[in-house]
Structure formats: C-alpha cells, structure tokens
Amino acid sequence: SGKWYYEIVLESDGLGQLGWADMEFVGDSGYGRGCGDDKHSWGFDGMRVLWWHNGQQGWGKKWRDGDILGCAVDLDERTISWSL
C-alpha cells in the first residue's frame, strides 16, 4: 500500500520503457523483455510514444534529451501517472 514517486533526467531521447513492476516481473534485455512487456509491469516509452502493459497502445508525447520524467503510483487507488 502507499504512494510512490520518482523522477529521472533523460540523458538520451532514445529507446526506453520506464515505469513500475510487481514482484512477479522478470525482465530480460537480451530478449527484449522490459518494463511493460508483460502483465506484471507498466511502462511508458517516449521515443515511440507508447504505453506498455502486456501489449502496447499509443499514448503520451515524445520525450527529448534533458526532459524530466516523473513516475507516480498509488497502490491504494491502483493508479499510475507520468509527467514529462
């Protein structure tokens, strides 16, 4: 339970999926399994402008080098939010 938040400064406008995962998530960069690629994680990709959770859909806006990405989760309300 609770609310959690983090921010990162993007050092590249390249490929990445950033977000949250539960304890059952197993990522594997060698096979292209990142945050949001399964039902145990939720991610945003600002290069391709996609929301990921066990699949993908168009969402958000394109990020740029130097942008600050904020990621918030409210476990009690079961919501995830991003700021860019």
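# Group meeting: two sheets and the loops between their strands

Good morning. I begin with one residue, R78, which is exposed because its relative accessible area is 76%, above the 50% that serves as the cut-off. Please keep in mind throughout that this is a predicted model. R78 sits in the loop that connects β6 and β7. Its phi is near 60°, a positive value in a residue that is not glycine. As a reminder, most residues other than glycine have a negative phi. The setting of R78 is a hairpin: β6 and β7 form it, with four residues between them, and R78 belongs to the turn.

From that hairpin I turn to the protein as a whole. How many helices and strands does the protein have? There are zero helices and seven strands, and along the sequence the pattern reads β-β-β-β-β-β-β. The C-alpha trace spans about 35 × 30 × 20 Å along its principal axes. For 84 residues, a compact globule would be expected to have a radius of gyration near 12 Å, and the protein agrees with this because its own value is 12 Å. Of the 84 residues, 30% count as buried. The exposed surface comes to about 5,700 Å², and carbon and sulfur atoms supply 50% of it. Among contacts between residues at least 6 apart in sequence, 42% join residues at least 24 apart.

Now to the sheet that contains our hairpin. It is an open sheet of three strands in the order β1-β6-β7, with antiparallel pairing. The edge strands are β1, residues 3-9, and β7, residues 79-83, and each of these pairs on one side only. From one strand to the next, the twist averages 10°. Strand β6, residues 68-74, runs antiparallel to β1 and is joined to it by seven bridges. Within that pairing, I8 has L69 of β6 as its bridge partner. On the other flank, β6 and β7 pair in the antiparallel sense over five bridges, and here V73 is matched with I80 in β7.

β6 also matters to the interior. Which residues make up the largest nonpolar core? There are eight: L10, W20, F44, W63, L69, C71, V73 and W82. The most is given by β6, which contributes three residues. So that one member can be placed in context, consider C71. Beyond its neighbours within four places in sequence, C71 is in contact with W4, Y5, Y6, W20, S81 and W82. Of these partners, W20 and W82 are themselves listed in the core.

The remaining strands form a second open sheet, four strands in the order β2-β3-β4-β5, again with antiparallel pairing. β2 and β5 are at its edges; each has a single partner strand, so one side of each is left without a neighbour in the sheet. The twist averages 15° from one strand to the next. Within this sheet, β4 and β5 pair in the antiparallel sense over three bridges, and W52 finds its bridge partner in Q56 of β5.

Two loops of this second sheet deserve attention. The loop between β2, residues 18-21, and β3, residues 41-45, holds H40, and K39 lies in that loop as well. Are these two neighbours buried or exposed? H40 counts as buried because its relative accessibility is 15%, under the 20% limit. K39, by contrast, counts as exposed, at 55% relative accessibility.

Their contacts can be listed in turn, leaving aside neighbours within four places in sequence. H40 is in contact with A21, D22, E24 and F25. K39 is in contact with H53 and N54. The C-alpha atoms of K39 and W52 are separated by 9.5 Å, with the two residues 13 apart along the chain.

N54 leads to the other loop, the one between β4, residues 50-52, and β5, residues 56-58. N54 is exposed, with a relative accessible area of 51%. Its phi is positive, about 55°, although N54 is not a glycine. This recalls R78, where I began, whose phi is likewise positive.

To close, the picture is of two open antiparallel sheets, one ordered β1-β6-β7 and the other β2-β3-β4-β5. Thank you.

Notes
Residues numbered from 1 in each chain as written. Predicted model: local features only at pLDDT ≥ 70, side-chain atom pairs only at ≥ 80, totals over all residues. Heavy atoms only, no water. Pairing = 2+ DSSP bridges. Axes fitted to C-alpha atoms, helices over the stretch in contact; angles between N-to-C directions. Rg over C-alpha atoms; globule rule 2.2 N^0.38 Å. Buried < 20%, exposed > 50% of the residue type's maximum accessible area, 1.4 Å probe, protein only. Contact = heavy atoms within 4.5 Å. Areas by Shrake-Rupley, 256 points an atom, 1.4 Å probe, with all protein chains shown as cover. Core = buried A, V, L, I, M, F, W, Y, C linked by side-chain atoms within 4.5 Å.
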